[in-house]
Amino acid sequence: MCTVSFIPLKNGVILTSNRDEHISRGIAQYPEFYLLNGQKLAFPKDAKSGGTWFITNENGDTGVLLNGAFEKHMPVPPYRKSRGFVLPELFQQASPFEAIKQYEFSGIENCTIVLWEQGQLREIKWDGKKLHTKNYDPRQARIWSSVTLYDTDMINKRHGWFRNWIASQTHINQQNILHFHINTQAENTTFGLRILRNNTIATTSITSLCIQHLKASFYHKDFIQQIESTLDYDLLNVAPISSPVIAGNDIAQKN
């Protein structure tokens, strides 16, 4: 939930998220389909809250959440609910963006939502008091870094690495954006794309959704247990809902 990239493709998109968390938080379940309020939604489930930071529906509308809004804030718990419940609640509605306009964000900690819906790319920031919405050109690749873990200088350097990488690519697919997210500045464990700070905060997993020609590939890798899963399906034809293909110990990841 702390580094998110958006890559436009011909007839599709790729959204990828590195989750930087306290190692002690627990292992998230791999992405599966859930039926919530009549909506077929796929997401990895957080072990602690039961919520998620990355969600998509059968239309391909997708939301990814990052901690923080414009600047690092001082948490003031207790909060009314976990940020992890925001995306599942929004995506129970036919239009997540319309749902955002009516959603009660008060009592929720500062956050940013990257929303891809019906060909529109939006950034929604909740600063603890007010909601801010910004539209982006969906034809342009973008990257976000959480302000709770990265200062302005770090963010600018990371965005520079991304721009340079984009400029160097002749063809981008899910495999090479995953390689970028996992291996860029690998020796820089403080603010490289994959971090490990004082054996406390680390990039615990990576999640990536590639949608192209009405087909979806939802990839997730847990770095703690070194387990990968891939959920492949056709948009608008998700029934019957099936579990993903797992590479590794499926039971260990679900605990």
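A disulfide is counted here when two cysteine sulfur atoms lie within 2.5 Å of each other. The exercises below apply this and other criteria to a predicted model.

**Exercise 1. How many disulfides does the structure hold, and why does C2 not form one with C111?**

Solution. Begin with the chemistry: a disulfide is a covalent bond between the sulfur atoms of two cysteines. Next, look for the cysteine sulfur closest to that of C2, which belongs to C111 and lies 12 Å away. Compare that distance with the cut-off of 2.5 Å; the separation is too far for a bond, and therefore C2 is not paired with C111. The count for the structure is accordingly zero disulfides. As for their surroundings, C2 counts as buried because its relative accessibility is 0%, and C210 is buried as well, with a relative accessible area of 13%.

**Exercise 2. Describe the largest pocket by its volume, its lining and the elements that contribute to that lining.**

Solution. Start with the volume, since about 710 Å³ of space lies in the largest pocket. Then turn to the lining, which is made up of 27 residues, with E21, R25, N67, R83 and E109 lying nearest the centre. Sorting the lining by residue class gives eight nonpolar, nine polar and 10 charged residues. Finally, assign the lining to elements: β2 (12–22) and β6 (62–67) each supply at least two residues, and the largest share, four residues, comes from β2.

**Exercise 3. Carry out the analysis for the second largest pocket, and state which element gives the most to its lining.**

Solution. The second largest pocket holds about 560 Å³ of space. Of the 29 residues that line this pocket, Y136, R142, I143, W144 and H159 are the closest to its centre. Two or more lining residues come from each of β1 (3–9), β6, β8 (120–126), β10 (142–145) and α3 (152–168). Within that set, α3 gives the most, with seven residues. By class, the lining of the second largest pocket divides into 15 nonpolar, nine polar and five charged residues.

**Exercise 4. Which residues have the most contacts inside the largest nonpolar core, and what does W144 touch?**

Solution. As background, nonpolar side chains in soluble globular proteins tend to be buried together. In this model, the largest nonpolar core has 24 residues, and those with the most contacts inside it are L15, W144 and Y233. At least two residues of this core are supplied by each of β1, β2, β6, β7 (111–117), β12 (201–212), β13 (215–222) and β14. A second, separate core has 21 residues, among them I14, Y150, M154 and I172. Taking W144 as the worked case, and leaving aside residues up to four places away in sequence, its contacts are C2, T3, V4, F6, L66, V114, L121, E123, Y136 and H159.

**Exercise 5. Locate the residues with a positive phi and the cis peptide bond, and decide whether N37 and L236 are buried or exposed.**

Solution. First, N37, a residue other than glycine, has a positive phi near 55°, and its place is the loop between β3 (29–36) and β4 (39–45). Because its relative accessibility is 55%, N37 counts as exposed. Second, L236, also other than glycine, has a positive phi near 65° and lies in the loop between β14 (227–234) and β15 (245–247). With a relative accessible area of 57%, L236 is exposed. Third, the cis peptide bond joins P77 and P78, with omega at about 5°, and P78 is found in the loop between β6 and α1 (86–90).

Conventions: Residues are numbered from 1 along each chain as its sequence is written. This is a predicted model: local features need pLDDT of at least 70, side-chain atom pairs count only at pLDDT 80 or more; totals for chains, interfaces and linings use all residues. Side-chain values use heavy atoms; hydrogens and water are left out. On a 1 Å grid over the protein atoms alone, a cavity is a set of points where a 1.4 Å probe fits but cannot get out, and a pocket is an open set with protein on both sides within 12 Å along at least five of seven lines; lining residues have an atom within 4 Å of a point. Grid points are joined across faces, edges and corners, and a volume is the space filled by probe spheres set on the points. Ala, Val, Leu, Ile, Met, Phe, Trp, Tyr, Cys and Pro count as nonpolar, Asp, Glu, Lys and Arg as charged, and the others, Gly among them, as polar. Buried means under 20% relative accessible area, exposed over 50%, partly exposed in between (1.4 Å probe, protein chains only). A nonpolar core is a set of buried Ala, Val, Leu, Ile, Met, Phe, Trp, Tyr and Cys residues joined through side-chain atoms within 4.5 Å. Contact means heavy atoms within 4.5 Å.
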